[in-house]
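Hi everyone, thanks for coming. I'd like to walk you through one structure today, so have a look at the screen.

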Amino acid sequence: MPVTVLLVDDEPLVRAGLRVVLEAQDDIEVVGEAADGAAVIPLVRELRPDVVAMDVRMPLLDGIETTRAVLRTVAEPPKIVVITTFENDEYVYEALRAGADGFLLKRARPAEIVHAVRLVAAGESLLFPASVRQLAARYGDGGGNRAARAALERARLTDREAEVLRLMTRGLSNAEIAARLVVGSETVKSHVSAVLAKLGARDRTQAVITAYESGFVAPG
């Protein structure tokens, strides 16, 4: 089955460009478009996309609030990739904090756009880990976020789970973590699932942000 995508951007040319790039792939299908975040929830419920690729800045409802609304009101929410002009934008970090699975630059090459959609849909690796680390260093709380510290303390991760979380912050996939730890991929998958459940994290991105903001790992 192809990965289905909903495009959300107030610029028609951006949506058109993304559609051309994505629909050139046999395994990706654009199922709809919207010009503002206010239209996203009805379309998500109607179209059930696997991924929403959404501008972080829009006139009525921006990508941050839209992300929060989707995750709060949709029973089985799609993966969300926010699209931005500037890589070090505080809006992007707030969108990740709100629950977005990753971000994509508007100037990204076609191959990078396709890779981002596939990676986020698969959910087994972190999109642009170095950039997430830089955003955490600039806009995070430097290990002083009380909620993140409390989440980490409640989690009571085992030594192996803590090791897996450290490797997740570096952007390693399940297969790469398995190779590093010399264990099976299914074992790693179980550890990752346990880490997410214990931290109360929706996905790897949220777990990694918790790791940075709690001081579990330093983003620098």
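Let's start with V182, which is exposed, with a relative accessible area of 72%. Keep in mind that we're looking at a predicted model here. Where does V182 sit? You'll find V182 in the loop between α9 and α10. Its backbone is worth a look too: phi of V182 is near 55°, a positive value in a residue that isn't glycine. For background, most residues other than glycine have a negative phi.

V182 has company in this respect. Phi of F128 is near 50°, again positive, and again in a residue other than glycine. F128 belongs to the loop between α5, residues 110–122, and α6, residues 129–139. Is F128 buried or exposed? Well, neither: F128 is partly exposed, because its relative accessible area is 29%, and the partly exposed class covers what falls between 20% and 50%.

Back to the two helices on either side of V182. Helix α9 covers residues 174–181 and helix α10 covers residues 185–199. They pack at an angle of about 110°, and their axes are 8 Å apart. So α9 is roughly perpendicular to α10. Which residues meet there? From α9 we have N174, A175, I177 and A178, and from α10 it's S185, V188, K189 and V192. Sort that contact by class and you get five nonpolar residues, two polar ones and one charged one.

Next up, helix α3, residues 63–73. Its buried residues are G63, I64, T66, T67, A69 and V70. And what covers them? The cover includes the helices α2 (40–47) and α4 (90–98), along with the strands β3 (51–55) and β4 (79–84). There's a nice detail at the start of α3, too: a side-chain oxygen of D62 comes to within 3.0 Å of the backbone nitrogen of I64.

Okay, let's zoom out to the whole chain. The secondary structure adds up to eleven helices and five strands. The radius of gyration is 17 Å, close to the 17 Å the globule rule gives for 220 residues, so the chain is as compact as a globular protein of that length. Along the principal axes, the C-alpha atoms fill a box of roughly 50 × 35 × 30 Å. Of the 220 residues, 53% count as buried. And if you take contacts between residues at least 6 apart in sequence, 69% of them join residues at least 24 apart.

That's my tour, thanks for listening!

How values were computed:
Residues are numbered from 1 along each chain as its sequence is written. This is a predicted model: local features need pLDDT of at least 70, side-chain atom pairs count only at pLDDT 80 or more; totals for chains, interfaces and linings use all residues. Side-chain values use heavy atoms; hydrogens and water are left out. Buried means under 20% relative accessible area, exposed over 50%, partly exposed in between (1.4 Å probe, protein chains only). Helices (H or I, at least four residues) and strands (E, at least two) are DSSP runs, numbered from the N terminus. Contact means heavy atoms within 4.5 Å. A polar contact is a pair of N or O atoms within 3.5 Å; within protein, one must be able to donate a hydrogen and the other to accept it, and residues adjacent in sequence count only if both atoms are side-chain atoms. Axes are lines fitted to C-alpha atoms, for helices over the stretch in contact, and angles run from 0 to 180 degrees between N-to-C directions. Angles under 35 degrees count as roughly parallel, over 145 as roughly antiparallel, 65 to 115 as roughly perpendicular and the rest as oblique. Ala, Val, Leu, Ile, Met, Phe, Trp, Tyr, Cys and Pro count as nonpolar, Asp, Glu, Lys and Arg as charged, and the others, Gly among them, as polar. The radius of gyration is taken over C-alpha atoms; the globule rule is 2.2 Å times the number of residues to the power 0.38.
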